[in-house]
Amino acid sequence: MTDAGLPTAGMMISIRTRRDVVVVDPDRFLAAARQALRDRSPGLSDAEAAEAITDVYDAVHALLDRDGTLAADAVDGERVGVGGLRPGVRVSGRTDGLSPAGWLHGVVLDDESPLQDYGCFLPEDPFAVPWTWDDDRRQGRSGAADT
């Protein structure tokens, strides 16, 4: 382990996550999202859930609120690359109408600030990876003065 990877008091550790899914059955996708909303709000009727979930954004948020991720049941066995599905192959027949299409995590050390410290005013791109001197050296620049 290099010194840069040793934990220190106050070190910021940020995990960037990417989760891809492909909608293969839009009707099942919306139905699953409406059910997710009803699971969290049992008093809602089918009509109220249909009125509340009208597009992809509504559906994604309803599923995230209930399950924490999309296609949550597929995360453990899902692989990207060697051992995974071939490019372009989709899974059909799932009750949520989604085909799991990848799951990656990236670790970023010493981000500028933890999300908590921004309060109500998040940075323009909270998923951006912070600039490092190594990035500039790889691109042939000598540092910030060259920008």
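Leaving aside neighbours within four places in sequence, which residues is Ala-49 in contact with? They are Arg-34, Leu-37 and Arg-38. The legends below describe this and other sites in a predicted model.

**Figure 1. Overall view of the predicted model, with its helices and strands.** The protein has four helices and two strands. From the N terminus on, the order of elements is β-α-α-α-β-α. The chain has 147 residues, and 22% of them count as buried. Its accessible surface is about 10700 Å², with 54% of that area belonging to carbon and sulfur atoms. Of the contacts between residues at least 6 apart in sequence, 69% join residues at least 24 apart.

**Figure 2. Close-up of the largest nonpolar core.** This core has 12 residues. Among them are Phe-29, Ala-32, Ala-33, Ala-36 and Leu-37, together with Ala-49 and Ile-53. Ala-59, Ala-62, Leu-63, Leu-70 and Leu-98 also belong to the core. The elements that give two or more residues to it are α1 and α3. Helix α1 gives the most, with five residues.

**Figure 3. Close-up of helix α1 (residues 26-40) and what covers it.** The 15 residues of α1 should span 21 Å at 1.5 Å a residue, and the end C-alpha atoms of the helix are 21 Å apart, in agreement with that value. Buried residues in α1 are Phe-29, Ala-32, Ala-33, Ala-36, Leu-37 and Arg-38. The cover over these buried residues includes β1 (13-23), α2 (46-52), α3 and β2. At the start of α1, the backbone nitrogen of Asp-27 has a side-chain oxygen of Asp-25 within 3.2 Å.

**Figure 4. Close-up of Arg-38 and its contacts.** Arg-38 lies in helix α1. Its relative accessible area is 17%, and a residue counts as buried under 20%, so Arg-38 is buried. The side chains of Arg-38 and Asp-46 make a polar contact at 3.3 Å. Apart from neighbours within four places in sequence, the contacts of Arg-38 are Leu-44, Ser-45, Asp-46 and Ala-49. Ala-49 in turn is in contact with Arg-34 and Leu-37 as well as Arg-38, and Ala-49 is one of the residues of the largest nonpolar core.

**Figure 5. Close-up of helix α3 (residues 56-67), its buried face and its two ends.** Helix α3 has 12 residues and reaches 16 Å from its first C-alpha to its last, close to the 16 Å expected at 1.5 Å a residue. Ala-59, Ala-62 and Leu-63 are buried in this helix. Seen down the axis of α3, the buried residues fall within an arc of 95 degrees, so they line one face of the helix. An α-helix has 3.6 residues a turn, so residues three or four places apart point the same way. The buried residues of α3 pack against α1. At the start of α3, a side-chain oxygen of Asp-55 comes to within 3.1 Å of the backbone nitrogen of Tyr-57. Gly-68, which follows the helix, has a positive phi, near 85 degrees.

**Figure 6. Close-up of Arg-94 in the loop between α3 and β2.** The relative accessibility of Arg-94 is 15%, and the cut-off for buried is under 20%, so Arg-94 counts as buried. Its side chain makes a polar contact of 2.8 Å with the side chain of Asp-73. Leaving aside neighbours within four places in sequence, Arg-94 is in contact with Arg-28, Ala-71, Asp-73, Ala-74 and Pro-100. Asp-25 is 69 residues from Arg-94 along the chain, and the C-alpha atoms of these two residues are separated by 8.7 Å.

**Figure 7. Close-up of two loop residues with positive phi, Ala-71 and Asp-110.** Most residues other than glycine have a negative phi. Ala-71 is not a glycine, yet its phi is positive, at about 50 degrees. This residue lies in the loop between α3 and β2 (98-109). With a relative accessibility of 5%, Ala-71 counts as buried, and it is one of the residues in contact with Arg-94. Asp-110 also has a positive phi although it is not a glycine, with a value of about 60 degrees. Asp-110 lies in the loop between β2 and α4 (133-138).

Terms used
Residues numbered from 1 in each chain as written. Predicted model: local features only at pLDDT ≥ 70, side-chain atom pairs only at ≥ 80, totals over all residues. Heavy atoms only, no water. Buried < 20%, exposed > 50% of the residue type's maximum accessible area, 1.4 Å probe, protein only. Expected span 1.5 Å × (residues − 1). Arc of directions from axis to C-beta. Contact = heavy atoms within 4.5 Å. Polar contact = N/O pair within 3.5 Å; in protein donor to acceptor, adjacent residues only side chain to side chain. Areas by Shrake-Rupley, 256 points an atom, 1.4 Å probe, with all protein chains shown as cover. Core = buried A, V, L, I, M, F, W, Y, C linked by side-chain atoms within 4.5 Å.
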